[in-house]
Amino acid sequence: MVEISQGWGAAPRLCFVFAPGSRPDLAALDALAVSPSDTASGSSAATSFSLSHRSPDGTWAELLLHGLTFDCTGLAPGDGDAQPPAGPPVGLRSMPAGEVISLAPAPHLAGGAGLIPVLQVIAELGANLAALSGVLAVTWTPAGSWVAPDLFRRAIAVWLDGGAFPGLILTALEQKANGAIASRGLQLLIGQELYFEPDKRLPAATLARLAVRLIHELVQIGPLQRERDFTGPGGERLLAVPVRDGTELRILVSGLDSEQ
């Protein structure tokens with residue numbers, strides 16, 4: 001986990017970083033729409049999407065999937081989109097340099113990117129685009145993680161098949177200078193972020209594991225209005241306390257072996 005940079009745009013977008021010179025054009029999207037890629041190796045084929053609108057110059061298209069539309073921008077031969085801000089690499093050694101195309105909810109879905117049904121559709125559509133030749137990384141800007149495309153596809157496939165929410169892909173964790181761990185991107189989904197108080201009894205990897213488990217549960221139940229107990233995967237007791245006018249959940253961990 002690393003400290004995540006600031007300066008994010010207000011509108012959430014799913015960015016695809018391509019090797020220089022390999023950004024797709026409309027023809028590549030048309031081909032993918034006809035023969036959608038599996039969202040992950042061994043999974044069932046993704047539902048076919050369609051291009052419902054396209055710009056005359058070929059640099060923009062509206063993609064339709066499950067009745068929802070998303071704008072795909074930065075297509076060749078036009079200019080690529082802006083680079084997503086720096087963030088933690090997930091499944092990558094570092095953040096690769098390249099050219100960017102983006103997916104964002106269409107204007108009629110403005111403000112709806114944090115709704116789970118909308119997020120699932122853009123993630124499924126993104127899993128298709130992540131299979132395009134030349135993709136180096138995928139970034140969901142509210143979280144900021146730079147994710148290896150194969151890992152993105154696998155994690156989304158598991159989630160769409162009823163598995164765990166991809167907590168290190170559609171949200172992120174950052175370690176503070178004092179040893180605390182905070183989430184990023186969860187606020188878009190439930191209006192709250194996590195903040196694990198520093199705990200010298202627990203290594204950062206253990207706190208991260210507890211955070212991912214808790215994010216999965218919170219995505220299902222929604223924001224907390226009052227304090228609540230949760231149980232971690234190792235039997236840990238987690239007390240979540242809403243603070244900062246309910247925008248943050250302070251997490252205290254107990255029930256560790258060292259306490260018994």
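**Exercise 1. The hairpin of S12 and S13**

Task: find how many bridges join strand S12 to strand S13, and describe the turn.

Solution.
- Step 1. Strand S12 covers residues 228-231 and strand S13 covers residues 237-243; four bridges join them, and they run antiparallel. This is a predicted model, in which local features need pLDDT of at least 70 and side-chain atom pairs count only at pLDDT 80 or more, while totals for chains, interfaces and linings use all residues. Residues are numbered from 1 along each chain as its sequence is written, and side-chain values use heavy atoms, with hydrogens and water left out.
- Step 2. Fix the terms. Strands (E, at least two residues) and helices (H or I, at least four) are DSSP runs, numbered from the N terminus. Two strands pair if DSSP finds at least two bridges between them.
- Step 3. Locate one bridge. Thr231 has Arg237 in S13 as its bridge partner.
- Step 4. Look at the turn. Five residues lie between S12 and S13 in this hairpin, and Gly235 in the turn has a positive phi of about 85°.

**Exercise 2. Another hairpin**

Task: state which way S9 and S10 run, and which glycine in the turn has a positive phi.

Solution.
- Step 1. Strand S9 (residues 172-175) and strand S10 (residues 181-184) run antiparallel, joined by four bridges.
- Step 2. Gln175 has Ile181 in S10 as its bridge partner.
- Step 3. The hairpin has five residues between its strands, and Gly179 in the turn has a positive phi of about 95°.

**Exercise 3. The open sheet**

Task: give the strand order of the eight-stranded sheet and name the strands at the edges.

Solution.
- Step 1. The order is S2-S3-S4-S6-S1-S7-S8-S5, in an open sheet with mixed pairing.
- Step 2. Strand S2 (50-54) and strand S5 (89-90) stand at the edges; each has a single partner strand, so one side of each lacks a neighbour in the sheet.
- Step 3. Check an inner pair. S1 (residues 14-18) and S6 (residues 99-105) run antiparallel and are joined by five bridges. Leu14 stands opposite Leu103 in S6.
- Step 4. Add a helix. Helix H2 (residues 116-129) packs on the sheet and touches S1, strand S3 (60-65), strand S4 (68-73), S6 and strand S7 (135-140). The direction of H2 makes about 45° with that of S4.

**Exercise 4. Helix H3 and its partner**

Task: check the span of H3, then describe how H3 packs against H2.

Solution.
- Step 1. Place the helix. H3 (residues 149-160) lies across S1, S5, S7 and strand S8 (146-147), at about 50° to S7.
- Step 2. Work out the span. The expected span of a helix is 1.5 Å times one less than its number of residues. The 12 residues of H3 should therefore span 16 Å, and the end C-alpha atoms are 16 Å apart, which agrees.
- Step 3. List what is buried (under 20% relative accessible area; over 50% is exposed, in between is partly exposed; 1.4 Å probe, protein chains only). In H3 these are Pro149, Phe152, Arg153, Ala155, Ile156, Ala157 and Trp159. They pack against S1, H2, S7 and S8.
- Step 4. Read the angle. Axes are lines fitted to C-alpha atoms, for helices over the stretch in contact, and angles run from 0 to 180 degrees between N-to-C directions. H2 and H3 pack at about 140°, with axes 9 Å apart.
- Step 5. Classify the angle. Under 35 degrees is roughly parallel, over 145 roughly antiparallel, 65 to 115 roughly perpendicular and the rest oblique. H2 and H3 are therefore oblique to each other.
- Step 6. Name the residues in contact (heavy atoms within 4.5 Å). Among them are Leu119 and Ala123 of H2, and Phe152 and Trp159 of H3.

**Exercise 5. Unusual backbone**

Task: say where the cis peptide bond from Ala76 to Pro77 lies, and whether Arg244 and Asp245 are buried or exposed.

Solution.
- Step 1. Most residues other than glycine have a negative phi, and most peptide bonds are trans.
- Step 2. The bond from Ala76 to Pro77 is cis, with omega near 15°. Pro77 is in the loop between S4 and S5.
- Step 3. Arg244 has a positive phi near 50°, and Asp245 has a positive phi of about 60°. Arg244 lies in the loop between S13 and S14, and so does Asp245.
- Step 4. Arg244 counts as exposed at 56% relative accessibility. Asp245 counts as exposed at 84%.
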